[in-house]
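Hi everyone, thanks for making time this morning. I'd like to walk you through one protein model and stop at a few residues along the way.

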Amino acid sequence: MIQVSILPRLRLLLLLLLLPLLIAGQSWGQSSYTLSGVVRASESGETLIGATVGAPDLKIGTYTNDYGFYTLSVPATGDSVEIRYVYAGYTTEVRRLLLTEDLTLDVDMGVASLEEVLIEGNSVQEQLQSTEMSVERLTMADAKILPALFGEVDIIKTLQLKPGVSSGSEGSSGIFVRGGGPDQNLVLLDNTLVYNPSHLFGFFSTFNSDAVKDVKLYKGGFPSQYGGRLSSVIDVKMNEGNKKKLSGAGGLGLIASRLTLEGPIVKDKASFMISGRRTYADLITSIINETQTDNPDWNPIPDYFFYDFNAKLNWEITPKDQLYLSGYFGRDKFKFDDSSFDFNFNWGNSNAALRWNHLFTPKLFLNTSLSFTDYQYTIENQFDIFSFNLGSRISDLSLRTDFSWTPNNRHAVRFGASGTYHRFIVGRLDAGASDESFSFESGDTYYGTELGAYISDDYDVTERLRINAGLRVSGFLSDSTLYGGLEPRFSARFALSENISLKASYARMIQYLHLVANSGASLPTDIWYPSNRNVRPQGSHQVAGGITIGIGDGWIITNEIYYKWLQNQIDFRDAANLFVNDNLDREFVFGKGWAYGNEFYIEKTKGKLTGWIGYTLAWSWRQFEGVTATGDFSVDDQINGGEPFHPRNDKRHDITVVGIYQFNKRWSVSAAWEYRTGNAVTLPVGRFFSFGPDFITNPGTIPTLVPDFVARNSFRMPAYHKLDLGVVFKMFPKWGESDLTLSAYNAYNRRNPYFIFFEPIQDVNDVFTGAQAQQVALFPIIPSLTYNFRF
């Protein structure tokens, strides 16, 4: 990565922008008509993402975009054509049309009966025909039926059950994808960036499942519209709101309750959606603490709770214009106070987005969005007359424009540009005394501007060969330093037969923001830090190849291999000071990494029994040889003596088995079993006594017992495995639908290690004789009962 001028890259991008126009222009002379429209759910008016629209007799087809819009070029045959609309969980709609001109046709699809769902299942053909690989799509129906910790449905934990995705620790909602770090995941909620997608120190994600419409995870082969992270993209879409009638959903669980309301403002034209969730353990602890106020021996119980609030408005201004306003606000609050000491720890995300969709022609679609993102944490302490306040914050203001152009059935062109203005407040400390006897302030504010532009073309070269070629150019300006680069993307699908496809992909990614964290888990106190003259952007190259096989009725098998090269990876010097440090970038060391592996996946998508089995065999490495940011060598910048080592999240084996059985429309059961190799950890191989420099002059000096570490992450924690079970009983009262969900987390009570510590061993005379390793486990078997309802 070098500092560059962006202008030559922009000229190249403009040249590439014209290529699809020239290629597609060869098809303009063909006699065809354009069929376009929006596919919606009939009961709510909610648009359906990824619905299949095709003419089987003509062997042509397409999919709806993120806003339910589709366009299909139908040859002018002079005969009527059968058009089929297919979406999992909905009744297939068929239209027979005799086209004599371009036609706009909106289609409403009804929810299928249980029997129809068992027959239709998910679209195996979509996975066989698409150039996309290393992609996981999650339906809310599957996520809600799987067993969950404390009964709280968590889409991130469900994604952890897919190959190539793992958690950092027991119960954590943080994810590590193909050997990447927790900061290398681009998490989007309605096109706005979410910097910390977790609650309760990582045990729950920020996404309320009742407000979520669609989730897509990219592990590789990234489309060119995405940038800024190295390892994955998690694209979450919120529900738009019921345009037909007032409806709602909610649930009462073991630790939290939630409620969602949606309905029309103007029927079929404008609608709203609001959704809230809150835990209530603090209500119990506060009552207990109040009853003990007169007890001098009582140690107060800390109060903790979190809450989420989602809201969305959408308005169809004209048949060609749609306006969306969406927002998210969430906070975690931890409080501890007694007679002399007060401690408050608050953190959370705030997101808002205004989006405008415009249809220029049936072939050209525009989406423009203006968004604001904010993440902050604050720690407030009060002890007698002394106060101590620490906090950090990152705020973004972004403008983005995306075009989708479909000149014919062989080309689907996307292009656009984006700009983001970043503001970083790093390690802001205010300390002082109420009597003004002392005061202290520390911390820095940084600014950065991130720009990007892209183009891609999904092109059917032949009936068997389909490619997606794209280019992204990005840049970042901070601290009077400009970084930038080209990020080519390519993926291809070759159909060996109707049921077998070979796929390959390549992606270059650049990341300009870095997460300052000193633990293996994502914590609220982790700090985002920009690239500058001392800290260069991270980069990666990833290649992948695989095969997709459709077998029988509703079975699909995929196998993928991948290799990822990581440049300019960041870690910290030994004994680095990460807090109250105005020269934080001097604590960084820079190195490289690489990861490779094989991901096997088999899924059954039809019938009463559905589910999947995934197995990942993977290796991940890091190496810090002592090369500084300026290219010089320094022993102080080495880690592990400059030798390669495994990062904490390196998992050699990862197995998941998930099954869902639908007995009838009322009863269903589910099970999920996981096995993962234990985390790589650094442990002492022994201990020695250090007498210090004063021992010669003062032999009575008490020696210090020092642990002896040999190599970083050279030990493994015990393997992680558990079984979760769930039972769902649905009821159908006159006012709607409800269910009771009984789940058992860690059903066979496996004591999975969360961390390891060493406990001193002493003899009968209290003389130290050694140390015994002990492990701490968090969660035993946890049963939970949740009541859910919809009306």
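Let me start with what I mean by a cavity. On a 1 Å grid over the protein atoms alone, a cavity is a set of points where a 1.4 Å probe fits but cannot get out, and a residue belongs to the lining if it has an atom within 4 Å of a point. Grid points are joined across faces, edges and corners, and a volume is the space filled by probe spheres set on the points. The idea is that rolling a probe the size of a water molecule over the atoms shows where empty space is left.

Two notes on the source before we look. This is a predicted model, where local features need pLDDT of at least 70 and side-chain atom pairs count only at pLDDT 80 or more, while totals for chains, interfaces and linings use all residues. Residues are numbered from 1 along each chain as its sequence is written, and side-chain values use heavy atoms, with hydrogens and water left out.

Now the overall picture. The protein chain has six helices and 48 strands; these are DSSP runs numbered from the N terminus, with helices being H or I of at least four residues and strands E of at least two. Of its 791 residues, 51% count as buried. Buried here means under 20% relative accessible area, exposed means over 50%, and partly exposed is in between, with a 1.4 Å probe and protein chains only. As for contacts (heavy atoms within 4.5 Å), take those in the chain with a separation of 6 or more: residues 24 or more positions apart account for 64% of them.

Back to the empty space. How many cavities of 30 Å³ or more does the structure hold? There are 10 of them. I'd like to show you the second largest, with about 250 Å³ of space. Its lining has 23 residues, and those nearest the centre are Pro147, Lys157, Glu674, Lys722 and Asp724. At least two lining residues come from each of α5, β39 (667-676) and β44 (720-731).

Let's stay with α5 and look on either side of it. In the loop between α4 (140-145) and α5 sits aspartate 154. Aspartate 154 counts as buried because its relative accessibility is 5%. A polar atom of its side chain lies 2.9 Å from the backbone nitrogen of serine 205.

On the other side, lysine 162 is in the loop between α5 (155-159) and β10 (165-167). Here is one I enjoy: which side chain of opposite charge is nearest to lysine 162? That would be glutamate 136, at 4.1 Å, and lysine 162 is buried yet has no salt bridge. For the charges, Lys and Arg count as positive and Asp and Glu as negative, while His and the chain ends are not counted. A salt bridge needs a side-chain nitrogen of Lys or Arg within 4 Å of a carboxyl oxygen of Asp or Glu. Lysine 162 does make a polar contact, side chain to side chain, with tyrosine 601 at 2.8 Å. A polar contact is a pair of N or O atoms within 3.5 Å; within protein, one must be able to donate a hydrogen and the other to accept it, and residues adjacent in sequence count only if both atoms are side-chain atoms. Leaving out residues up to four places away in sequence, lysine 162 touches Glu136, Tyr601 and Trp612.

Glu136 itself belongs to a network of salt bridges with Arg178, Lys219, Glu560 and Glu599. By the salt bridge rule, the count comes to 39. One of them joins aspartate 268 and lysine 244, at 3.0 Å from N to O. That pair links distant parts of the chain, 24 residues apart. Another pairs arginine 466 with aspartate 458 at 2.8 Å, and both of these residues are buried.

Last stop: arginine 278. Its salt bridge partner is aspartate 282, with the closest N and O atoms 3.1 Å apart. Aspartate 282 is buried, as its relative accessible area is 8%, whereas arginine 278 is partly exposed at 30%. Tyrosine 307, in strand β21 (residues 303-318), is 29 residues from arginine 278 along the chain, yet their C-alpha atoms are separated by 4.3 Å. Among the residues that tyrosine 307 touches are His199, Arg278 and Phe329.

That's my tour, and I'm happy to take questions.

Methods
1 Å grid on protein atoms, 1.4 Å probe; cavity = no way out; pocket = protein on both sides within 12 Å on 5 of 7 lines; lining within 4 Å.
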